[in-house]
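Thanks for making time this morning. I would like to walk you through one chain, moving from a pocket to a helix and then to the fold as a whole.

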Amino acid sequence: MKLKTKLIAITAICLVTASIFSISALAAKDIASLKALANLAKDKETIGHNLLDAMPDQTREDKDARNQQGIKVKSLGNETRKLELEADPDDTENFAKQLDLAIETWSMGVNELKEAAVRYNDDKYLKRAEESLKIIEKFKKGREEYQKNEKTVNQLRKELDIPVN
């Protein structure tokens, strides 16, 4: 029970601190304040996860309390993501991962199209594979431009049609 009490106290302190930061961040729309607020929200989410992990689930009441905590953690996660996107609307931090995932996904699609062309003995699958290879090259070129700081994340998101998740 002592662990539970400590975690609740820490959560309360984080809530008060986050409230103070949110007022100043909303008033000034300062990026640094928004990032600090997002980090605090992420810390709150982590504390909520830790509390959830520490909760027992033996009785029906324990399970209900655990479910309620899970709902709180999920809403904290949504709040955190919203604050992160408010601080960085282009989601610069995750852009490189998204770009690499897009290249990997398109590459897997090309392999499947080539297999389908062999399996069904149909050239339309090869044409689609060639189109996909052009798209992959476009993404790779975009990745190079991003790594060389030739284009911004916002420009590349528009050009490559990669939405912010």
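Before I come to the pocket, a word on classes: Ala, Val, Leu, Ile, Met, Phe, Trp, Tyr, Cys and Pro count as nonpolar, Asp, Glu, Lys and Arg as charged, and the others, Gly among them, as polar. With those classes, the lining of the largest pocket has seven charged residues, three polar ones and two nonpolar ones. Please keep in mind throughout that this is a predicted model.

The space in that largest pocket comes to about 290 Å³. Its lining is made up of K35, A38, N39, K42, R81, E84, A87, D88, D91, T92, E93 and N94. Which helices supply at least two residues each to this lining? They are α2, spanning 31–54, α3, spanning 60–87, and α4, spanning 92–120, and of the contributions to the lining it is that of α2, with four residues, that makes up the largest share. Seen by domains, the pocket draws at least three lining residues from domain 1 (30–87) and at least three from domain 2 (91–164).

Let me stay with α4, which has 29 residues and, at 1.5 Å a residue, should span 42 Å; its end C-alpha atoms are 42 Å apart, so expectation and model agree. The buried residues of this helix are F95, Q98, L99, A102, I103, V110, L113, A116 and A117. As background for reading that list, an α-helix has 3.6 residues a turn, so residues three or four places apart point the same way. The packing partners of the buried residues of α4 are α5 (123–147) and α6 (153–160). Just after α4 comes N121, with a positive phi of about 50 degrees.

Turning to α3, I would single out K74, which is placed in that helix. Is K74 buried or exposed? Its relative accessibility is 60%, and because exposed means over 50%, K74 counts as exposed. The C-alpha atom of K74 lies 9.2 Å from that of G48, although these two residues are 26 apart along the chain.

Finally, the overall picture: the chain has six helices and zero strands, so that, read from the N terminus, its elements run α-α-α-α-α-α. Of the 165 residues in the chain, 28% are buried. Among contacts between residues at least 6 apart in sequence, 59% join residues that are at least 24 apart.

Technical notes:
Residues are numbered from 1 along each chain as its sequence is written. This is a predicted model: local features need pLDDT of at least 70, side-chain atom pairs count only at pLDDT 80 or more; totals for chains, interfaces and linings use all residues. Side-chain values use heavy atoms; hydrogens and water are left out. On a 1 Å grid over the protein atoms alone, a cavity is a set of points where a 1.4 Å probe fits but cannot get out, and a pocket is an open set with protein on both sides within 12 Å along at least five of seven lines; lining residues have an atom within 4 Å of a point. Grid points are joined across faces, edges and corners, and a volume is the space filled by probe spheres set on the points. Domain bounds come from an automatic or database domain assignment. The expected span of a helix is 1.5 Å times one less than its number of residues. Buried means under 20% relative accessible area, exposed over 50%, partly exposed in between (1.4 Å probe, protein chains only). Contact means heavy atoms within 4.5 Å.
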